[in-house]
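Colleague: I'm new to this one, so could you walk me through it?
Modeller: Sure, let's pull it up and take your questions one by one.

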Amino acid sequence: MAQARVKARSPRRESVFGERFAVFAEALLTGVWIAVACLGVVTYPAAFAAGARHLRRRTRHEGGGWREFVADFRAALRGGWAVGLAGWAAAAAVWVDVQAARAGIPGGPFVGAVGIFALIGLVVALLRAAAVWTPGASWRALLADAGRRTVLDPAGSFLLVGGLGVVALSAAFIAPLAVPVLGAVAAAAVAVEERYRHR
């Protein structure tokens with residue numbers, strides 16, 4: 001009789017706080033994975049895409065670990081390396097603009113400011129594209145859609161800018177702290193996209 005009562009009970013559920021803390025801890029671990037995957041210099045879009053997909057699986061209570069992250073990273077890298085290369089080219093162009101502004105060229109400060117804001121917008125669009133990436137998806141289509149969402153959802157975009165600011169401040173104060181925080185940025189991108197989808 002007692003055994004029947006024990007079997008009839010539903011399995012004990014994790015508390016809301018425990019579940020959210022587990023997701024936060026998973027995000028920090030994912031940040032380490034993303035940082036390792038970014039060592040290829042042009043691999044950062046694929047790294048964030050794989051990290052975001054891992055975190056989506058975690059929030060849906062689906063299985064997945066390091067092996068699945070690596071498989072997603074390889075799949076995202078097929079077109080993602082070109083996106084990474086284009087991102088570095090854009091960063092180099094903005095650096096030239098900033099140098100022109102410092103040199104005192106007429107109109108330099110305006111051009112430098114526009115370049116910095118454009119680069120921030122591109123980074124936010126890249127994060128939003130990585131947050132919804134799935135194997136086989138076209139990076140070009142993902143970035144085009146993410147660019148529209150970046151403009152149409154300024155609140156979500158501002159949240160991602162804040163996350164990037166946290167990474168920058170973490171790196172300025174304690175450089176190793178920026179590594180796990182990368183996962184928090186990927187988690188923020190996933191949350192922003194979920195919020196936009198359910199609006």
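Modeller: Let's begin with a pair in one helix: Asp145 and Arg148 are three residues apart in helix 6, so about one helical turn separates them. Keep in mind that this is a predicted model.

Colleague: How far apart, N to O, are the side chains of Asp145 and Arg148 in their salt bridge?
Modeller: The two residues sit about one helical turn from each other in helix 6. Their side chains meet in a salt bridge, and the N to O distance is 2.3 Å.

Colleague: Is Asp145 buried, partly exposed or exposed?
Modeller: Buried would need a relative accessible area under 20%, and exposed one over 50%. Asp145 has 35%, so it is partly exposed. Arg148, at 48%, also counts as partly exposed.

Colleague: Which residue of helix 6 forms a salt bridge with Glu193?
Modeller: Glu193 belongs to helix 8, and its partner lies 44 residues away in helix 6, so this pair links distant parts of the chain. The closest N and O atoms are 2.7 Å apart, and the partner is Arg149.

Colleague: Are Glu193 and Arg149 buried or exposed?
Modeller: The cut-off for buried is under 20% relative accessible area. Glu193 has 7% and Arg149 has 12%. With those values, Glu193 is buried, and Arg149 is buried.

Colleague: Which residues are joined with Arg149 and Glu193 into one salt-bridge network?
Modeller: The structure holds eight salt bridges. Those that share partners join Arg149 and Glu193 into one network with Arg128, Asp153 and Arg195.

Colleague: Over the face of which residue does Arg128 lie?
Modeller: Look for a ring whose centre is 5.8 Å from Arg128. The ring belongs to Tyr196.

Colleague: Which helices does the Arg57 and Asp72 salt bridge link?
Modeller: The side chains of Arg57 and Asp72 meet at 2.9 Å, N to O. Arg57 is buried, and Asp72 is buried as well. They are 15 residues apart, and the pair links helix 3 and helix 4.

Colleague: How many aromatic pairs are there, and what is the geometry of Trp33 with Trp66?
Modeller: The structure holds four aromatic pairs. For Trp33 and Trp66, the centres are 5.4 Å apart and the planes are at 65 degrees. Planes over 60 degrees apart count as edge-to-face, so the Trp33 and Trp66 pair is edge-to-face.

Colleague: Where in the chain are Trp33 and Trp66?
Modeller: They are 33 residues apart and link distant parts of the chain. Trp33 is buried at 11% relative accessible area, whereas Trp66 is partly exposed at 43%. Trp33 is in helix 2 and Trp66 in helix 4.

Colleague: Which residue joins Trp33 and Trp66 in a ring cluster?
Modeller: Trp66 also has a stacked partner, with 5.7 Å centre to centre and 20 degrees between the planes. That partner is three residues from Trp66 in helix 4, so about one helical turn away, and it counts as buried at 1% relative accessibility. Ring pairs link Trp33 and Trp66 into a cluster with Phe69.

Colleague: Which residues have the most contacts inside the largest nonpolar core?
Modeller: That core has 39 residues. Helices 2 to 8 each supply at least two of them. The residues with the most contacts inside the core are Ile34, Phe48, Trp133 and Trp139.

Notes. Residues are numbered from 1 along each chain as its sequence is written. This is a predicted model: local features need pLDDT of at least 70, side-chain atom pairs count only at pLDDT 80 or more; totals for chains, interfaces and linings use all residues. Side-chain values use heavy atoms; hydrogens and water are left out. A nonpolar core is a set of buried Ala, Val, Leu, Ile, Met, Phe, Trp, Tyr and Cys residues joined through side-chain atoms within 4.5 Å. Buried means under 20% relative accessible area, exposed over 50%, partly exposed in between (1.4 Å probe, protein chains only). Helices (H or I, at least four residues) and strands (E, at least two) are DSSP runs, numbered from the N terminus. Rings of Phe, Tyr and Trp (its six-membered ring) pair if their centres lie within 6.5 Å; planes under 30 degrees apart count as stacked, over 60 as edge-to-face and the rest as tilted. A charge sits over a ring if NZ of Lys or CZ of Arg is within 6 Å of the ring centre and within 35 degrees of the ring normal. A salt bridge is a side-chain nitrogen of Lys or Arg within 4 Å of a carboxyl oxygen of Asp or Glu.
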